[in-house]
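Q: I would like a close look at one part of this protein. Please take me through it step by step, in short sentences.

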Amino acid sequence: MQGKRIQLIYFSMGDSEAKQISMGWKKLIGLGSAAFLFLLLIVFMLLNVFTNAFHNWQVANLSKANSQLKNLLNEMEEKVQNIEQKVAFIEKSDDDLRIFVDLPEINEDIRKLGRGGQAQETYSSYSAITQNGRNEAVEIKKKLDNLSQRMDLAIDSRDEIEKEYNEDLKKLSHTPSIRPIKGGRVSAKFGRRRDPFTNELKPHEGIDITAARGTDVYATADGKVIEVNNSYTPNKSYGKYVTIDHGYGIQTKYAHLSKVLIKQGQPVSRHSIIGKVGSTGRSTGPHLHYEVIEDGEKKDPGYYIVE
Ligand SMILES: [Zn+2]
């Protein structure tokens with residue numbers, strides 16, 4: 001190949017005739033290498049231009065996304081504050097309801113932390129965000145975690161209040177609170193009084209309500225009939241009577257009845273008709289002898305009539 005020349009035929013623009021040049025191999029290789037390097041340079045420059053353009057486009061996009069995210073975070077912060085106010089309102093009414101049903105109040109510090117107490121999460125997995133000082137999102141997450149715990153505590157408390165309230169209602173419905181007969185006249189109060197048979201001063205362990213024979217006698221609270229006595233001796237003791245157990249250590253007794261309308265073991269509600277006024281047993285005329293027994297002790301039934 002050395003020394004040989006190569007013939008190149010080419011057409012230049014606007015020229016109809018073919019031109020011919022000849023050069024040596026060495027020169028041709030040198031020229032080719034230069035052209036290749038030049039092309040490579042052009043490609044690198046173009047790549048650089050495109051890379052820069054892409055990078056700038058990316059930065060512009062990220063910056064736009066970043067500012068949108070900031071706006072979104074601000075909106076979230078506002079919403080969190082809004083929810084915070086609502087949770088505080090729920091907590092306040094929870095406090096009021098706890099007082100209403102006589103439950104102990106929830107300590108303010110416990111309220112602030114909610115169910116589960118001090119948050120276990122350290123938020124360390126968001127270190128890249130917090131290091132950059134852009135920790136608004138982490139702060140919002142902390143607040144949401146706290147609100148979630150506070151709501152959980154409020155829900156627990158609500159269940160507790162409901163349970164307590166139902167228990168209170170049950171106790172209330174089992175506590176004697178009405179007059180055992182409608183109308184009538186209290187002819188003997190609780191305490192000491194003169195015995196109508198012997199004229200002696202004796203303790204009177206209930207109240208007497210005088211009313212016409214056959215007047216309805218009502219259970220004064222919910223409970224269960226534990227004693228029915230239908231046999232009696234004239235001028236002695238309670239005559240025909242009924243005892244109701246109301247639970248919570250409270251019983252009521254209805255004596256001197258002319259008729260008993262319930263059976264032993266039967267559940268009764270407040271206002272259930274349990275018998276009729278009479279004068280059976282130690283009695284001088286139709287009346288109801290009504291007793292309230294609390295923890296085995298006879299109490300003044302007057303305290304148990306709230307109407
Ligand atoms: Zn009496």
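The answer below follows the metal site and the pocket around it.

Q: Which protein atoms are the donors of the zinc ion, and what lines the largest pocket?

A: Keep in mind that this is a predicted model.

Start with the metal. The zinc ion has these protein donors: NE2 of His-204, OD of Asp-208 and ND1 of His-289. They lie 2.0 to 2.2 Å from the ion. Along the chain, the donors follow the spacing H-x3-D-x80-H. Asp-208 belongs to strand β6 (residues 207-210) and His-289 to strand β13 (residues 287-294), so this pair ties together parts that are 81 residues apart in sequence. His-204 sits in strand β5, which covers residues 201-204.

Are these donors buried or exposed? His-204 is buried, with a relative accessible area of 5%. Asp-208 is buried too, and its relative accessible area is 5%. His-289 also counts as buried, at 7% relative accessibility. The reasoning is simple: buried means under 20% relative accessible area, and the value for His-289 is 7%.

Now stay with His-204. Its side chain and that of His-289 are joined by a polar contact of 3.3 Å. So what else does His-204 touch, leaving out residues up to four places away in sequence? The list is Ala-188, Lys-189, Phe-190, Gly-191, Arg-192, Arg-193 and His-289. His-289 is thus a zinc donor, a polar contact partner of His-204 and a residue on this list.

Next comes the pocket. The largest pocket holds about 500 Å³ of space. Its lining has 23 residues. Nearest its centre lie Arg-193, His-204, His-256, Arg-282 and His-289. Two zinc donors, His-204 and His-289, are named in that group. Arg-193 is there as well, and Arg-193 is touched by His-204.

Which strands each supply at least two residues of the lining? They are β3 (185-188), β5, β6 and β13. Recall that β5 carries His-204, while β6 carries Asp-208 and β13 carries His-289. Ala-188, a contact of His-204, falls within the range of β3.

Last, look at the kinds of residue in the lining. Six are nonpolar, 10 are polar and seven are charged.

To sum up, His-204 is a donor of the zinc ion, is buried, and lies among the residues nearest the centre of the largest pocket.

Methods: Residues numbered from 1 in each chain as written. Predicted model: local features only at pLDDT ≥ 70, side-chain atom pairs only at ≥ 80, totals over all residues. Heavy atoms only, no water. Helix = DSSP H or I, 4+ residues; strand = E, 2+ residues; numbered from the N terminus. Buried < 20%, exposed > 50% of the residue type's maximum accessible area, 1.4 Å probe, protein only. Polar contact = N/O pair within 3.5 Å; in protein donor to acceptor, adjacent residues only side chain to side chain. Contact = heavy atoms within 4.5 Å. Donors = N, O, S within 2.8 Å, 3.2 Å for Na, K, Ca; no water. 1 Å grid on protein atoms, 1.4 Å probe; cavity = no way out; pocket = protein on both sides within 12 Å on 5 of 7 lines; lining within 4 Å. Points joined across faces, edges and corners; volume = space filled by probe spheres on them. Nonpolar A, V, L, I, M, F, W, Y, C, P; charged D, E, K, R; others polar.
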